[in-house]
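Here are my notes for a first look at this one. Have the viewer open as you go through the points.

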Amino acid sequence: MSLPEQLLLSDILRRRVRCDQGLDHGAGMAAWMHPPVHRLLGWISKPSALGDRRLAWRLDQLRGLSELELFVRGDGAVTDLPTVDRLPTLIEAEVFGSDRDVIGQVADAAIELSSGRILHYLIARSDPRLPGTSRWRLQPDRIVDQQPGRVITAAESLDDLPLAKASVRQQWLRRSRRWRDQVQEETTRLRDQFQQAGDRFEERLEGWLEEPPWQEDERERQEVDAEAWDNWDAPRQRQDRRTDEDPWI
């Protein structure tokens, strides 16, 4: 059964462990890691709901996985809860920015299964146990200092880190920003169109004021009156001529 090249630590811990003898050894509960070199050595499972007995599994024991189970070869190392609680880990550690303010919490990690190398950590702004929260990628080389339960980065805020998974709220904010930018672009385009139309109207208005239309109407009316006067005066002239020619008048 082939394994993927990369896997999230949460994907390992949420599956139940089943050995090559077919026995169920419980679900994963904690990471077994070496924080100074950002490497996952294995994980811890809880075989029984009662008692402090725990089993430690090396990462190289992993042979396959299904939707709900991890398949391992060999036996797990028996340990107990107090020992597991003392294992060093950066999971659930608080993340501090360059100004030493808390900007989030380590929620998960992406693992290269062939070597156990942690490719990047996933940072949550709020409680990582809440479903649908956003995740930001934190590369190990961006960690300035690390202590138990504390990680210091060179980033000023989570906005300086690449977004790995957006929550519903984050997606809504991103869509709102895109919608706002589109509205601003459309408003600017309409404003430019109105400005161009206003400029053309102003040019036409200036031309109309330079030669008032009523002057042209006055000239046309004078021409019409003169033509009407000529038409009215022509019959009188003809009548006068007939009077002069008629000897009885």
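1. Start with Val144, which you'll find in strand S13, the stretch covering residues 143–147. Keep in mind that this is a predicted model.

2. Is Val144 buried or exposed? It counts as exposed, because its relative accessibility is 56% and the cut-off for that label is over 50%.

3. Which residues does Val144 touch, once its neighbours within four places in sequence are set aside? The contacts are Ile152, Thr153 and Ala154. Then have a look at Gly97: 47 residues separate Gly97 from Val144 in sequence, while their C-alpha atoms are 9.8 Å apart in space.

4. Next, a charge and a ring. Arg150 places its charged end over the ring of Phe96, at 4.0 Å from the ring centre. As for aromatic pairs, don't spend time hunting for them: searching the whole structure turns up zero.

5. Now zoom out to the fold. The protein chain has 15 strands and four helices, with S13, the home of Val144, being one of the strands. Take the contacts in the chain with a separation of 6 or more: 48% of these link residues 24 or more positions apart.

6. Last, the surface. How much of the chain is buried? Of its 249 residues, 30% are. The accessible surface of the protein chain adds up to about 16900 Å², and carbon and sulfur atoms hold 50% of that area.

Methods:
Residues are numbered from 1 along each chain as its sequence is written. This is a predicted model: local features need pLDDT of at least 70, side-chain atom pairs count only at pLDDT 80 or more; totals for chains, interfaces and linings use all residues. Side-chain values use heavy atoms; hydrogens and water are left out. Rings of Phe, Tyr and Trp (its six-membered ring) pair if their centres lie within 6.5 Å; planes under 30 degrees apart count as stacked, over 60 as edge-to-face and the rest as tilted. A charge sits over a ring if NZ of Lys or CZ of Arg is within 6 Å of the ring centre and within 35 degrees of the ring normal. Helices (H or I, at least four residues) and strands (E, at least two) are DSSP runs, numbered from the N terminus. Buried means under 20% relative accessible area, exposed over 50%, partly exposed in between (1.4 Å probe, protein chains only). Contact means heavy atoms within 4.5 Å. Accessible areas come from the Shrake-Rupley method with a 1.4 Å probe; for residues, only the protein chains shown count as cover.
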